[in-house]
Amino acid sequence: MAPSRSTGTFMDKAGHGVKFLGGSILAGVLVAGMALPAVGAFGLTAKDTADSFDNIPDDFKQPTLSQASMIYDAKGGLIAKVYDRDRTILTAEQMAPVMRQAQVDIEDARFYEHGAIDLKGVLRAITKNAESGTTAQGASTLTQQYVKNVFVEQAGDDQQAFLEATKKSLGRKIQELKYAIKLEEDLTKDQILTNYLNITFYGHQAYGVEAAANRYFSKSAKDLTVPEAAMLAGLVQNPTAYDPIAHPQAAQTRRNTVINKLLEYKHITPEQAKEALAAPLGIKYSEPQNGCITAQNGMGFFCDYVRHVIKQDPAFGATAADRQKLWAQGGLKINTTIDPGKQAAMYNAVTKKVYVTDPVSAAGSMVEPGTGKILAMAQTRPYGLDTSKNQAVLNLNVGTAMGGGSGFSPGSTFKPVVAAAALEAGIPITQEYPSPNEMLYPKMSTCDGPTSNQKGESLTNESPDEKGPYSLQVAMQKSVNTYFIQLEEQMGLCPVKQMTDKLGLSTLANGTQIKQIASMTLGTQEVSPLQMASAYAAFAARGLYCSPVALTSVTTSDGKQLKVPDANCNQAMSQTTADGINTLLLGVTEKGTGSALGLDDGRQIAGKTGTTDHRYAAWFTGYTPDLATSVWLGGVGGNVEMRNIRIGGKPFGAVYGADGPGPIWQMAMNQALDGSAPASFHRVDIPQPSQSPTPGNSPSAPSGDNVQGGNTGWPNGGTTGWPNGGATNGGTDGGLVNGGVTLPPGTVAGNTGKPGRH
């Protein structure tokens, strides 16, 4: 059933002719009559009205309507539908003809007969308003109502702009009229009606007839029946008063009015009208499915991350306002990197091993080595605002700028970063140090010169029997704190800082720059699981670091492909260095602190455990050649001491990286890699030392155990001394000359923080 058309009477043709009158007195008088009992109430003359009409620019621009955006996973599955306004744009052919006719019959029955204004309607309104002394009846045409809706759409969430767009004033009516005249010149009646049905509000967050049909009847607008179309058409006048959910009787009465209008204008038969009037409302309501809260398998946090990417990355607009406009306008088809199978594996692990009611939570990210693609991002508590259901919106996998918190100290999982810096600096993979059980933080050089702190802070190894000498391989397996402090001291902090720059760790989770302090190697500065997974992915990719990426393509509503952020892959270290780190971290999972975390199929894994002071956080970051995963466990606020605690129904005397987050990592990786072909690392040969001198009995140094330099020998491939810029062991009063800088005994580094743990 197509909306009927008529050639119209002389009066109707006169209405079409209003566009030629432009600034004539007629336009001003007619508009005034539509809106007000008397123009004089505003002290305006007909001439004023005509002048106002002429001064309005006629470059009316129809906006690109905001609509819903769709976010998809890597396999094409829908993650979430997100929108500022729930709308899906339809063509005329995608709307049921009875829906189009019902909207015309109830709002502007003579729509196809008159021009931009309906002269008969104007005269009728003038008469009624004069009789009542009010503005009880208006005479806006459907075209003018469309213009008004355009102003409302342009106002968006700006309350002041909305009030301006909807206020009843003579100036507003004049403006609507002129733009309506312009529209009637540029568009056909069918086009105007289609635009109107796509823009208008039907209540319950439904903008446009498609969203309305989905909301109230759980169907498409093309499938609407006569009574359904009549109910929707009747809503437009007052979506609140005729709300079928809150006021079903009022909605049915209004619906029947529309049905009778369809019958009156002979657009349905008496039999159809009788059947429609007897039909119940038949509401099949679908709740608005808006935003990341609707995502399944814990993808809500990743969905929120996608939102932050689009709102922050310059690829989507030069300014924040441009990017916000793109997001609010919607209509985007967003394809992402998230792998639904790996996401399910990660989500299953963090929710099975840690309960939402536990005092701690877990978070894990999976990254593909060599591409930077984020394949999974999950955490224990579900995404949402209802704290009574243990929901949260803070994304524990990322930093503050991307919707997360200030991060967590990674503990000893940071040691491989320092080891990579050392190997790149030329320190051999066989390097040994005395590694006493306890020592003071030494003074160290930075990129900006020497740094020191005279507080005399000390650090210890995890257990009393951990005392060297140790080689790098054994120190990594045992996670020996004092070894890595000595390694760091030998090369200085600048190479470590340079390595953090290359591995995406120079900016901490809270957005500040990492500090060059001695405790860097112990992971005392807060980062995010996504950062750690991405850094370790570089080891897996033989030194190729790729910044994490979440998007594969973004398409606008008009089919335009937008450029998505690039992973900016760069060789952060030589392949030889990366192979050395992989070999060291294979040792951790074969003989060291992660030896209990092997996968079911026996494939090679490499990784590192980490536990911070007071057991506030525990980590395991590990990888295969094709998948890197970082898992954090701890209190969301970072202040839950994980001692004598029950997590996931299991009691812990004290949580370590190997027994807290480690099994979460293991469960996730087993499921994520199930059925995939195993790959192997490139190993390097690490010769075992021919002899291991005892601390204090180095061949070239006097006995003793003063680890601040001067009184203790430092075994280095069978020789003593520091191969860093010609450093010598010894000096005046036991000072250490390191790279030309005399370091007095007993000095310690900057803000050392607390030692990392196993």
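**A guided reading of a predicted model**

Lys266 lies in the loop that joins helix α13 (248-264) to helix α14 (270-278). The structure that contains this loop is a predicted model. The backbone of Lys266 is notable, since the residue has a positive phi of about 60 degrees although it is not a glycine. Lys266 is also exposed, with a relative accessible area of 71%; this value is over 50%, and therefore the residue counts as exposed.

A second residue of this kind is Arg542, which is not a glycine and whose phi is positive, near 55 degrees. Arg542 belongs to the loop between helix α22 (529-540) and strand β14 (544-545). Its relative accessible area is 22%, so Arg542 is described as partly exposed. The backbone has a further feature at Pro469, where the peptide bond from Gly468 to Pro469 is cis, with omega near 10 degrees. Pro469 is placed in the loop between β12 (458-460) and β13 (470-471).

From single residues the reader may turn to a sheet. Strands of a sheet pair through backbone hydrogen bonds, either parallel or antiparallel. In this model, five strands form an open sheet in the order β2-β1-β3-β15-β16, and their pairing is mixed. Strands β2 (78-82) and β16 (561-562) are the edge strands, each of which pairs on one side only. Strand β1 (residues 69-72) runs antiparallel to β2, and four bridges join the two. Within this pair, Ile71 stands opposite Ala80 of β2.

Next comes a helix. An α-helix has 3.6 residues a turn, so residues three or four places apart point the same way. Is helix α11 (residues 209-217) mostly covered or mostly uncovered? Eight of the nine residues of α11 are buried, and the helix is thus mostly covered. The buried residues are Val209, Glu210, Ala211, Ala212, Ala213, Arg215, Tyr216 and Phe217. They pack against three other helices, namely α5 (97-107), α10 (189-199) and α12 (226-235). Just after α11, Ser218 takes a positive phi of about 55 degrees.

Arg215, one of the buried residues of α11, leads to the salt bridges, of which the structure holds 19. The side chain of Arg215 meets that of Asp86 in one such bridge, with a distance of 2.7 Å from N to O. Because Arg215 lies in helix α11 and Asp86 in the loop between β2 and α5, the pair ties together parts that are 129 residues apart in sequence. Both partners, Arg215 and Asp86, are buried. The two residues also belong to a network of salt bridges that links Lys81, Asp86 and Arg215.

Two further salt bridges may be compared with this pair. In the first example, the side chains of Glu228 and Lys219 meet at 3.0 Å, N to O. Glu228 has a relative accessibility of 12% and so counts as buried, whereas Lys219, at 23%, counts as partly exposed. The cut-off explains this assignment: a residue is buried under 20% relative accessible area, so a value of 12% falls within that class.

The second example joins Arg615 to Glu462, and the closest N and O atoms of this salt bridge are 3.2 Å apart. Which parts of the chain does the pair link? Arg615 is in the loop between β18 (606-611) and β19 (617-624), and Glu462 is in the loop between β12 and β13, so that the pair links distant parts of the chain, 153 residues apart. Arg615 is buried, with a relative accessible area of 3%, while Glu462 is partly exposed, at 21%. The loop between β12 and β13 is also the place of Pro469, the residue that follows the cis peptide bond from Gly468.

The last stop is the second largest pocket, which has a volume of about 770 Å³. Of the 30 residues that line this pocket, Tyr305, Met402, Leu530, Ser547 and Pro548 are the closest to its centre. Helix α15 (300-312), strand β6 (395-399) and helix α22 each supply at least two residues of the lining. Helix α15 gives the most, with four residues. How do the residues of the lining divide into nonpolar, polar and charged? There are 16 nonpolar residues, twelve polar and two charged. Helix α22, which contributes to this lining, also precedes the loop in which Arg542 is found.

Notes
Residues numbered from 1 in each chain as written. Predicted model: local features only at pLDDT ≥ 70, side-chain atom pairs only at ≥ 80, totals over all residues. Heavy atoms only, no water. Buried < 20%, exposed > 50% of the residue type's maximum accessible area, 1.4 Å probe, protein only. Pairing = 2+ DSSP bridges. Contact = heavy atoms within 4.5 Å. Salt bridge = Lys/Arg side-chain N within 4 Å of Asp/Glu carboxyl O. 1 Å grid on protein atoms, 1.4 Å probe; cavity = no way out; pocket = protein on both sides within 12 Å on 5 of 7 lines; lining within 4 Å. Points joined across faces, edges and corners; volume = space filled by probe spheres on them. Nonpolar A, V, L, I, M, F, W, Y, C, P; charged D, E, K, R; others polar.
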